[in-house]
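These are my notebook entries on a single structure, kept in the order in which I looked things up.

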Amino acid sequence: MALIDWNESLATNIPQIDQQHKKLVELINKVSQAMKNSQGNEILLEVMTELLSYTKSHFRSEEQFMASMNYPKLAEHKQVHAAVTQQVTDLYNKVKEGKFVSSVQISNLLKEWISGHILKVDMHYVKYREHINKSKQPVTG
């Protein structure tokens, strides 16, 4: 059973961003499954490495997208990204150092991150984009 199931409530209707979010959901589910299966630290480290790398790549892409539309809350969004990246980095480092990491702790953090971040934080720039697109439409009469 997946920790997070992709559904339309997570969709931004921006194909590139939605594909990246789907990949993040997949990676989060992979981390969760590795922990549930009590797989070795090597496998968990491999999955956490992939998650951390993809997180950084996705955030860069998302920030470039927001910059391209002059999103006014880009600086705030970058701070949120930095905080999430730090949380994932901290988990990665614990796994890398062989320290105990609670599967519940990781699962809860990752689930809250993906659902909370997309549903709350990302939807702000989605609404901003929709507003810009509506204001650019020609007035017909």
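**Entry 1: Trp 6.** I listed the contacts of Trp 6, setting aside neighbours within four places in sequence, and found Ala 11, Asp 18, His 21, Lys 22 and Val 25. The model is a predicted one. I placed Trp 6 in the segment before H1. One of the contacts, Asp 18, is 12 residues away along the chain, and its C-alpha atom is separated from that of Trp 6 by 9.9 Å. I then looked up the accessibility of Trp 6: the relative accessible area is 24%, so I entered the residue as partly exposed.

**Entry 2: others in the segment before H1.** I found Ala 2 in the segment before H1. Its relative accessibility is 29%, and I recorded Ala 2 as partly exposed. I also took the separation of the C-alpha atoms of Ala 2 and Lys 136, which is 40 Å for two residues 134 apart along the chain. Asn 13 lies in the segment before H1 as well. Is Asn 13 buried or exposed? With 56% relative accessibility, it counts as exposed. I noted the backbone of Asn 13 too, since most residues other than glycine have a negative phi. Asn 13 is not a glycine, yet its phi is positive, at about 65°.

**Entry 3: overall layout.** I counted 4 helices and 0 strands in the protein. Read from the N terminus, the order of elements is α-α-α-α. Along the principal axes, the C-alpha atoms fill a box of roughly 65 × 30 × 20 Å. The protein has 141 residues, of which buried residues make up 41%. I looked at contacts with a separation of 6 or more, and 73% of them are accounted for by residues 24 or more positions apart. The accessible surface comes to about 8,300 Å², with 52% of it belonging to carbon and sulfur atoms. For the charges, I compared the mean positions of the 17 positive and 15 negative ones, which are 3 Å apart.

**Entry 4: Gln 20 in H1.** Gln 20 is found in helix H1, which covers residues 15–36. I wished to know whether this residue is buried or exposed. Its relative accessible area is 12%, under the 20% limit, so Gln 20 is buried. Beyond its neighbours within four places in sequence, I found Gln 20 in contact with Tyr 54, His 58 and Ser 61. These contacts lie within H2, which spans 41–68.

**Entry 5: H2 and the residue after it.** I checked the length of H2 against expectation. H2 has 28 residues and reaches 40 Å from its first C-alpha to its last, close to the 40 Å expected at 1.5 Å a residue. Just after H2 comes Asn 70, with a positive phi of about 55°, although Asn 70 is not a glycine. I located Asn 70 in the loop between H2 and H3 and entered it as exposed, with a relative accessible area of 61%.

**Entry 6: H3.** I made the corresponding check on H3. Its 23 residues should span 33 Å at 1.5 Å a residue, and the end C-alpha atoms are 32 Å apart, which agrees. Which residues of H3 are buried? I listed Leu 74, His 77, His 81, Val 84, Thr 85, Val 88, Thr 89, Leu 91, Tyr 92 and Val 95. An α-helix has 3.6 residues a turn, so residues three or four places apart point the same way. I found that what covers the buried residues of H3 includes H2 and H4. H3 is followed by Gly 98, whose phi is positive, near 75°.

**Entry 7: aromatic rings.** I counted 3 aromatic pairs in the structure. I examined one of them, Tyr 71 with Tyr 128, which is edge-to-face at 5.4 Å centre to centre and 65° between the planes. What does this pair tie together? Tyr 71 lies in the loop between H2 and H3, whereas Tyr 128 lies in helix H4 (residues 103–136), so the pair ties together parts that are 57 residues apart in sequence. At 7% relative accessibility, Tyr 71 counts as buried, whereas Tyr 128, at 24%, is partly exposed. I closed the entry with the aromatic cluster formed by Phe 65, Tyr 71, Tyr 125 and Tyr 128.

Notes: Residues are numbered from 1 along each chain as its sequence is written. This is a predicted model: local features need pLDDT of at least 70, side-chain atom pairs count only at pLDDT 80 or more; totals for chains, interfaces and linings use all residues. Side-chain values use heavy atoms; hydrogens and water are left out. Rings of Phe, Tyr and Trp (its six-membered ring) pair if their centres lie within 6.5 Å; planes under 30 degrees apart count as stacked, over 60 as edge-to-face and the rest as tilted. Helices (H or I, at least four residues) and strands (E, at least two) are DSSP runs, numbered from the N terminus. Buried means under 20% relative accessible area, exposed over 50%, partly exposed in between (1.4 Å probe, protein chains only). Contact means heavy atoms within 4.5 Å. Accessible areas come from the Shrake-Rupley method with a 1.4 Å probe; for residues, only the protein chains shown count as cover. Lys and Arg count as positive and Asp and Glu as negative; His and the chain ends are not counted. The place of a charge is taken as NZ of Lys, CZ of Arg, CG of Asp or CD of Glu. The expected span of a helix is 1.5 Å times one less than its number of residues.
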